2 protein chains.
Amino acid sequence: MTKSLGPKTLIYPAPVLVVGTYDKAGKPNVMTASWGGICCSQPPCVAVSLRKVTYTHGNILEREAFTISIPPEKYVKEVDYFGLATGRSIDKFAATKLTPVKSTLVDAPYVKEFPLVLECKLVHVIELGLHTQFVGEVIDAKADESIIGDGGAIDVRKLKPLVFTPDTQDYYGIGKFVAKVFSAGKDI
Amino acid sequence: MTKSLGPKTLIYPAPVLVVGTYDKAGKPNVMTASWGGICCSQPPCVAVSLRKVTYTHGNILEREAFTISIPPEKYVKEVDYFGLATGRSIDKFAATKLTPVKSTLVDAPYVKEFPLVLECKLVHVIELGLHTQFVGEVIDAKADESIIGDGGAIDVRKLKPLVFTPDTQDYYGIGKFVAKVFSAGKDI
């Protein structure tokens, strides 16, 4: 530990989350966010933090719902665009030719082409500073059969999620299997 | 989206975080957690969620501080052990022969052998259910020079962080560079 980098939020890996919402008029919107993660097992909850200036911030407060789609590597261009453009003036679905699907469980849309989505009901809004943290209870997770492995669980090698690297601001892919959890450390 | 998986917290990738704390008696402890991530840029904050039964949960409330070390792939065995054993009855540093270092900025230790650490002051405690979310303000990030790239930023290929896959409960590594953020989507 020889170098002090200052107060920086350097957590590796950070996820690449596509947050789906409806605006007041019912227009579906998506934005990409990396400040977030799993935050509770029971009730099952995930968190995503957004700046107040984002269009999605207002949409979540208005509709009290959002979806989180996990985009695969091959859609990196669209995903990056979702983080660059604003839904205030642009229809991001039209611009990328991706398809909004209305969730039947929560008041929010998701991206049909992305193989994993969490449908979330807003349960907590926590003001942290520049970012507001939205905690959503997962009402259902839906997956395309193409990413389900032989054992019935999601196979990350089929999902091919993106990784965000905070300091260099790059997208990376997922690498090789390293070990089983609660197994590798048993012989210490 | 053909298969409903039920209310599961399936965010990919999830990080592998080693949380360092002191107990009442001053014994350094570490535990591994994957429910967490970055949650605010200003002030710079990270979140980690822990069950109330963990030893670390009480330590954070007592000391109002914790560290988050990002362990590299080669320490997967020790990292997994940190998630299996409890600091209530075991000295995990002694068991793994890893070295606790006292932070000079916050009242918590970190793991000398891990090349990246965030020193955090507790700023929010949010009860979510089974898990309590601890939000820490990052007072400093420290990195070993071995993980700093040519441009002065952390090179994820040198850091080699672990990835946790929620559904199968495996550790994976980081894969290949895919694209630059705020660049790949510019031509849409």
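Which elements do the buried residues of α2(A) pack against?

**View 1. Helix α2 of chain A and its surroundings in the predicted model.** The helix spans residues 76-84, and A:V76, A:E78, A:V79, A:D80, A:Y81 and A:F82 are buried (under 20% relative accessible area, 1.4 Å probe, protein chains only). These buried residues pack against β3 (17-22), β4 (28-33), α3 (92-96) and β13 (170-180) of chain A, and also against β13 (170-180) of chain B. Helices (H or I, at least four residues) and strands (E, at least two) are DSSP runs, numbered from the N terminus.

**View 2. A:I154 in the largest nonpolar core.** This core has 106 residues, and A:I154 and B:I154 have the most contacts inside it. A nonpolar core joins buried Ala, Val, Leu, Ile, Met, Phe, Trp, Tyr and Cys residues through side-chain atoms within 4.5 Å. Leaving aside residues up to four places away in sequence, A:I154 touches A:L116, A:A143, A:I147, A:I148 and A:L159 of its own chain, and B:L5, B:L10, B:Y12, B:D167 and B:T168 of chain B (contact: heavy atoms within 4.5 Å). A second, separate core of 14 residues includes A:C39, A:C40, A:A47 and A:V135.

**View 3. B:G175 and the rotation axis.** A turn of 180 degrees with a shift of 0.0 Å along the axis lays chain B on chain A with an RMSD of 0.0 Å (least squares on C-alpha atoms of residues with pLDDT of at least 70 in both). The two copies are thus related as by a two-fold rotation axis. B:G175 comes closest to the axis of the residues of chain B, at 1.8 Å (C-alpha).

Residues are numbered from 1 along each chain as its sequence is written, and chains are lettered from A in the order written. In this predicted model, local features need pLDDT of at least 70 and side-chain atom pairs count only at pLDDT 80 or more, while totals for chains, interfaces and linings use all residues; side-chain values use heavy atoms, without hydrogens and water.

How values were computed
Buried < 20%, exposed > 50% of the residue type's maximum accessible area, 1.4 Å probe, protein only.
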